[in-house]
Amino acid sequence: MTDGEPAHTDRPWVYIAGPYTLGDVVVNVRNACAAGDRIWDAGFMPIVPHTNYAWHMAYPKTPEHWYAYDLHLLAQCDHLVLLPGTSKGADREAVFAIKRRIPCYLGVEHFLASVTAVRRGWSMLAVRNPP
């Protein structure tokens, strides 16, 4: 971080993948936003493609357009969190992430538990092996 930059600019990016069109779209968007909010509170930068709902309502695009757009965002991310539920799009995103060695987690709890363990490991490593 440089002088004058907000502290959140160094947060790792976490892509939220999950159901969108199957079931109630508004509920799915809310669930994705709730996951993003928890991930933000844990110190990460959530990418919630579901929030493009409003954009799509104003300027509709094809599903393939949104998949391509979302994969471009995902390619920039450090992690992928897969929310519960059936989703062809989320399945495609998970395959994309795995091929690019982007770590994938089954739900917010799995992600938070995993990164907490890693952070604790890094802390212990720093204590045991000072620079």
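This passage describes the sheet, a helix pair and the largest pocket of a predicted model.

We may begin with the sheet. Strands of a sheet pair through backbone hydrogen bonds, and the pairing can be parallel or antiparallel. Here, four strands make up an open sheet with parallel pairing, and reading across it gives the order β2-β1-β3-β4. The edges are formed by β2 (45-47) and β4 (104-106), each of which has a pairing partner on one side only. On average, neighbouring strands of the sheet are turned by 25 degrees against each other, with direction ignored. The parallel strands β1 and β2 are joined by three bridges, and W13 has M45 in β2 as its bridge partner.

Helix α4 provides a link between the sheet and the rest of this description. The helix lies across β1, β3 (79-82) and β4, and runs at about 150 degrees to β3. A helpful residue to look at in this region is L82, which belongs to strand β3. Leaving aside residues up to four places away in sequence, L82 touches A17, A90, Y105, L106 and G107. L82 and A94 are twelve residues apart in sequence, and their C-alpha atoms are 7.5 Å apart in space.

The next feature is the pairing of α4 with another helix. Two packed helices are described by the angle between their axes and by the distance between those axes. For α3 and α4, the axes come within 11 Å and cross at roughly 35 degrees, and the crossing is right-handed. On the α3 side, the contact involves E64, Y67, D70, L71, L74 and A75, which meet G89, R92, E93, F96 and A97 of α4. Sorted by class, the residues of this contact are six nonpolar, one polar and four charged.

Finally, there is the matter of open space in the model. Rolling a probe the size of a water molecule over the atoms shows where empty space is left. The largest pocket holds about 510 Å³ of space. Its lining comprises 27 residues, and those nearest the centre of the pocket are Y20, T21, W66, Y67 and D70. The elements contributing two or more residues to this lining are β1 (13-17), α2 (53-58), α3 (63-75) and α4 (88-99). By class, the lining consists of 14 nonpolar, nine polar and four charged residues. Two of the residues named here also appear in the helix contact: Y67 and D70 lie nearest the pocket centre and are among the α3 residues that meet α4.

Conventions. Residues are numbered from 1 along each chain as its sequence is written. This is a predicted model: local features need pLDDT of at least 70, side-chain atom pairs count only at pLDDT 80 or more; totals for chains, interfaces and linings use all residues. Side-chain values use heavy atoms; hydrogens and water are left out. On a 1 Å grid over the protein atoms alone, a cavity is a set of points where a 1.4 Å probe fits but cannot get out, and a pocket is an open set with protein on both sides within 12 Å along at least five of seven lines; lining residues have an atom within 4 Å of a point. Grid points are joined across faces, edges and corners, and a volume is the space filled by probe spheres set on the points. Ala, Val, Leu, Ile, Met, Phe, Trp, Tyr, Cys and Pro count as nonpolar, Asp, Glu, Lys and Arg as charged, and the others, Gly among them, as polar. Axes are lines fitted to C-alpha atoms, for helices over the stretch in contact, and angles run from 0 to 180 degrees between N-to-C directions. A crossing is left-handed if the near helix is turned anticlockwise from the far one by less than a right angle, and right-handed if clockwise. Contact means heavy atoms within 4.5 Å. Two strands pair if DSSP finds at least two bridges between them.
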